[in-house]
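Reader: I would be grateful for a close look at the aromatic side chains of this model. Please treat their pairing, their surroundings and their exposure together.

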Amino acid sequence: MSSTGGASPADGASPSDGTAAASDGAGRVNGAGRGGRDGRFPVPSAISVAALLGLGAAAYTAWVLEVVLSTGLNPIETYVSELAAQDQPLGGLFRATDFTAGLLACLGGLLALVRLVRHAGSRRPWAVAGWAGVTLFGAATAADAWLPLSCQPTVDPECAARETAGLVPATHQAHAVSSSLAMTGALLGIVALTVAARRYGWFAPLARYGPALVAMELLATVWTLTAIAMFTAGHGTWALGAGQRLQVLLVALWLGLLAHSVHRERRT
């Protein structure tokens, strides 16, 4: 893996193109905003991707409203998705913000993939995989909003017993699947686009801060999965809520960093 420095062509243009594409100090290629054959987005498209991702990141942090709203749930012990349960008074609010966050992230990822198709020089494997991950994350997160839990298993023993016995609505199992897909997509996007930023000399802010976020996200994911396994086995929650909230917060921070990087460099 190469370092983030260096002056490699930002989008894979070869010397045989015959274009004297000069880089400035920020690593941008002159004329990039015109949407020419150098593989960059036209400025409006880059701004659109950045705006979609930035707004999606903001919506994905709506769960922090539990700090000021009365939900009756302990954020250290409960699933984030229990905020959107059908029997929660504010469940509709949190389902709406989940759907909004997922839709925005999915649209941002799709637009980025479409532009990669149009510009062959930018179709690097890590970039394609990363934007595909962002798209999957968004689609699965939006689906989550339509597959809410019917009750709160971490605080209601009767709900947990029904869930164990398979006596809850099918949305519980479907929610588990969509949540797993969402986090799989998020991890794929976080890792692949961070690698792309460093390997290809793209996205300077992401190349600089992304590796730390990747490491923290992986640790938070291990924490969350371990806590879920312990809870499922009947050994308590092990601060499941804290681990999962850290996990989703880091995803939102990474999306915000990606949005900033796309906006700054006018590329995907």
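Author: In this predicted model, the structure holds 5 aromatic pairs. One of them joins Phe 99 and Trp 146: the ring centres lie 5.9 Å apart and the planes meet at 90°, so the pair is edge-to-face. This contact links distant parts of the chain, since the two residues are 47 residues apart. Phe 99 belongs to helix α2 (residues 91–118), whereas Trp 146 lies in the loop between α3 (125–145) and α4 (157–165). As for exposure, Phe 99 has a relative accessibility of 29% and therefore counts as partly exposed. Trp 146, at 64% relative accessibility, counts as exposed.

A further aromatic pair is formed by Trp 202 and Phe 203, and it is edge-to-face, with 6.2 Å from centre to centre and 75° between the planes. Trp 202 has a relative accessibility of 1% and so counts as buried. Phe 203 is likewise buried, because its relative accessible area is 0%, and the cut-off for burial is under 20%.

These two residues also belong to a wider arrangement, as ring pairs link Tyr 200, Trp 202 and Phe 203 into a cluster. Charged side chains meet two rings of this cluster. The charged end of Arg 124 sits over the ring of Tyr 200, at 4.7 Å from the ring centre. Over the ring of Trp 202 sits the charged end of Arg 267, and here the distance to the ring centre is 4.1 Å. Trp 202 thus combines an edge-to-face pairing with Phe 203, a charged end over its ring and a buried position.

Note on methods
Residues are numbered from 1 along each chain as its sequence is written. This is a predicted model: local features need pLDDT of at least 70, side-chain atom pairs count only at pLDDT 80 or more; totals for chains, interfaces and linings use all residues. Side-chain values use heavy atoms; hydrogens and water are left out. Rings of Phe, Tyr and Trp (its six-membered ring) pair if their centres lie within 6.5 Å; planes under 30 degrees apart count as stacked, over 60 as edge-to-face and the rest as tilted. Helices (H or I, at least four residues) and strands (E, at least two) are DSSP runs, numbered from the N terminus. Buried means under 20% relative accessible area, exposed over 50%, partly exposed in between (1.4 Å probe, protein chains only). A charge sits over a ring if NZ of Lys or CZ of Arg is within 6 Å of the ring centre and within 35 degrees of the ring normal.
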